[in-house]
Amino acid sequence: MKFRLAASAALSATLFMGAPASAQTVFSASSWVPPTHTLSVAQKEWCDALEKESAGRMKCNILPKAVSAPPGTFDAVRDGLADISFTVDGYTPGRFVNTKVAEFPFLGDDSRATSIAYQRVYTKHFAPLGEHRGVKVLGVFTHGPGVIFNTKKPVLSSADAASLKWRIGGGNINDLTKLMGWNTTLKPASESFEMLSTGVMDGTLFPDESIASFKLGMIKHATTFPGGLYNTSFVFMMNPAKYDALSAQDKAVVDKLSGEYVASRFGAGWDKVDDASRDGAQKAQGVQRVKAPEAFINEVKAKQSQLEDQWAAAAEAKGLKNPKGVLAEFRAEIIKAK
């Protein structure tokens, strides 16, 4: 009897001592786009890599629906409603200043290269200034080059664009289109189908990917610009308390899968679906693509020059040294990242 009690006690002690080694950290991951969207797919791939790199010590629980509307996602992660998610900086106008540098026109036609360059500039110049204070930044990235899409007619000039109603996603493109005199409404990407299908809006500014991802079969016309009319700045983030509670070993895994790893994964995924949408969905629905004439491009350049001056002044007021030099550095990094 004594032997059995001693053995039982020893077994209990062994199981108790071994419990921490088998404990698993589960992160709730939220997405406000469909599960098939490249953002959701890239987030899932990141979560899979997290589980693999940590030998199962960490994993994600992909939530069945978003914990917040897109503009509230940053605060939702900060406050712990979700542990992991992503958001568009421009969905909350005026909140983020430095990140607008990644949204300017004509930056490049390759999301992966632009995202990696953006991450390098962000790490060096923006992160020390606390641009996304309140969350643990896992990485930043941009989507592919922005295109003008609409249901009505070819858009070959600013005057053509001014005659239609547009959904836009915020950030620099919001400022640019208003300066150009266009009729625009700031709404999340997820509301595009309803707005276009009901005729509330005539068009939307999007990367190529979105026509397939949001099933915008009503789109018939596209106007492209060299390097894109705009980009969108995204942040992929984690609740800071969740990160702080990790062991040093697990923090090292998260850090390994942060920065350029995130930028490359999300950017490459976007390039892939941009190509697929352009060559598949858009071709199938007969989208007529035209290149913006030089006069139209020059109109954009003239207005954007004013915005870059305004951005530089605002960024400098927020503590960024030599903003125009940072912009030049960013453009040089894009070329190097290709």
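**Exercise 1. Find which residues have the most contacts inside the largest nonpolar core, and which helix gives the largest share.**

Start with the core itself: the largest one has 43 residues, and L39, W46, L50 and F236 have the most contacts inside it. Next, the helix: helix 2 (residues 38–53) gives the largest share, 6 residues. A quick word on terms: a nonpolar core is a set of buried Ala, Val, Leu, Ile, Met, Phe, Trp, Tyr and Cys residues joined through side-chain atoms within 4.5 Å. Buried means under 20% relative accessible area, exposed over 50%, and partly exposed in between, using a 1.4 Å probe and protein chains only. Helices (H or I, at least four residues) and strands (E, at least two) are DSSP runs, numbered from the N terminus.

Before going on, note that this is a predicted model: local features need pLDDT of at least 70, side-chain atom pairs count only at pLDDT 80 or more, and totals for chains, interfaces and linings use all residues. Residues are numbered from 1 along each chain as its sequence is written, and side-chain values use heavy atoms, with hydrogens and water left out.

Now zoom in on L50. Leaving out residues up to four places away in sequence, L50 touches F27, M58, C60, V253, V254 and L257 (contact means heavy atoms within 4.5 Å). Last step: a second, separate core has 26 residues, including F126, W311, V326 and L327.

**Exercise 2. Describe the lining of the largest pocket, then look at S264 in helix 11.**

First, the space: the largest pocket holds about 250 Å³. On a 1 Å grid over the protein atoms alone, a pocket is an open set of points with protein on both sides within 12 Å along at least five of seven lines, while a cavity is a set where a 1.4 Å probe fits but cannot get out; lining residues have an atom within 4 Å of a point. Points are joined across faces, edges and corners, and a volume is the space filled by probe spheres set on the points.

Second, the lining: 15 residues, with D109, P145, D208, F225 and R278 nearest the centre. They split into 4 nonpolar, 3 polar and 8 charged. Here Ala, Val, Leu, Ile, Met, Phe, Trp, Tyr, Cys and Pro count as nonpolar, Asp, Glu, Lys and Arg as charged, and the others, Gly among them, as polar. Helix 11 supplies the largest share, 4 residues.

Third, S264, which lies in helix 11. Its side chain makes a polar contact with the side chain of R112 at 3.0 Å. That term means a pair of N or O atoms within 3.5 Å; within protein, one must be able to donate a hydrogen and the other to accept it, and residues adjacent in sequence count only if both atoms are side-chain atoms.

**Exercise 3. Where does A55 sit, and is it buried or exposed?**

Place it first: A55 is in the loop between helix 2 and strand 2 (58–62). Then check the backbone: phi is near 55°, positive in a residue other than glycine. Finally, A55 is exposed, at 67% relative accessible area.

**Exercise 4. How many cavities of 30 Å³ or more does the structure hold, and what lines the largest?**

Count first: there are 2. The largest has about 170 Å³ of space. Its lining has 22 residues, with Y91, H143, A189, F206 and F234 nearest the centre.
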